Amino acid sequence: MAQENRARSGKPLDISQKGACPICTSLKAVQSDYIGSLDRRVAQRLCNFHTWLVAKLADAGAAADVFLSMLERPLEEDSGHKKCDLCAWMHQQEQRKFEELAQKLSQPTHPEWLRQHAELCVPHARKMLGRVPKELQAVITLAVQRQAAELKGRLTTLSRDARTGKTIHPGLLGRAAEYLVAMRGLVVKP
Ligand SMILES: [Zn+2]
Ligand SMILES: [Zn+2]
């Protein structure tokens, strides 16, 4: 798995894909790669989310070493007050992805893609707004509103159907959650 992840993380940001936020998708791949070949020295303090992700994705030996290091100070600190090493690393990666996307969007044909097809999640769209010129800010806002209108229509149908016991909604609630708050664990604080 680590090898497959390594291959994926090397790819540039893919803005042509549909059905998911390109920043989320790219960050997820980079994160899986990094944790899949985790260096225990760079992960001393972890938040709840990253502790579980290390348990799931890191090599067993590396995960054991990271957890041994955390066990040395079980009561010394509260992860709510200390920064998580992996959150800090992900914050840097997020900045890089924003720069990459801003650069791509500055090319003449890409605002049209953004307007018609982009599925940027709300948190990443909001962060992008401060990084692009005014014309692109308007295009990002329209893209976000387009997705909101589409989700609103589908969720309204689901809400109505659910009252009569019909609750089939392939992927809709997950898609709505991703749009609203980004993929799980991919909103990082500096
Ligand atoms: Zn996103
Ligand atoms: Zn974290």
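What follows is a chat about two helix pairs in a predicted model.

Colleague: Why are helix 7 and helix 8 called roughly antiparallel?

Modeller: Helix 7 (residues 122-129) and helix 8 (residues 134-162) pack at about 170 degrees. Angles over 145 degrees count as roughly antiparallel, so that is the label this pair gets. Their axes are 10 Å apart, and the crossing is left-handed.

Colleague: Which residues make the contact?

Modeller: From helix 7 you have Val122, Ala125, Met128 and Leu129, and from helix 8 Gln137, Ile140 and Val144.

Colleague: How do the residues of that contact divide into nonpolar, polar and charged?

Modeller: Six are nonpolar, one is polar and none is charged. Gln137 is in the contact, and Gln is not on the nonpolar or charged lists, so Gln137 counts as polar.

Colleague: Now helix 2 and helix 5. Why are those two called oblique?

Modeller: Helix 2 (residues 22-36) and helix 5 (residues 85-105) cross at roughly 140 degrees. Roughly antiparallel needs an angle over 145, and roughly perpendicular runs from 65 to 115. The angle of roughly 140 degrees fits neither range, so the pair is oblique. The axes come within 10 Å.

Colleague: Is that crossing left-handed or right-handed?

Modeller: Helix 2 and helix 5 make a right-handed crossing. The contact involves Pro22, Ile23, Ser26, Leu27, Val30, Gln31 and Tyr34 of helix 2, together with Trp89, Met90, Gln93, Glu94, Lys97 and Leu101 of helix 5.

Colleague: What makes two of the residues in this contact charged?

Modeller: Glu and Lys count as charged, and the contact includes Glu94 and Lys97 of helix 5. The full split is eight nonpolar, three polar and two charged.

How values were computed: Residues are numbered from 1 along each chain as its sequence is written. Chains are lettered from A and ligands numbered from 1 in the order in which they are written. This is a predicted model: local features need pLDDT of at least 70, side-chain atom pairs count only at pLDDT 80 or more; totals for chains, interfaces and linings use all residues. Axes are lines fitted to C-alpha atoms, for helices over the stretch in contact, and angles run from 0 to 180 degrees between N-to-C directions. Helices (H or I, at least four residues) and strands (E, at least two) are DSSP runs, numbered from the N terminus. Angles under 35 degrees count as roughly parallel, over 145 as roughly antiparallel, 65 to 115 as roughly perpendicular and the rest as oblique. A crossing is left-handed if the near helix is turned anticlockwise from the far one by less than a right angle, and right-handed if clockwise. Two residues are in contact if their C-beta atoms, placed from the backbone, lie within 7 Å.
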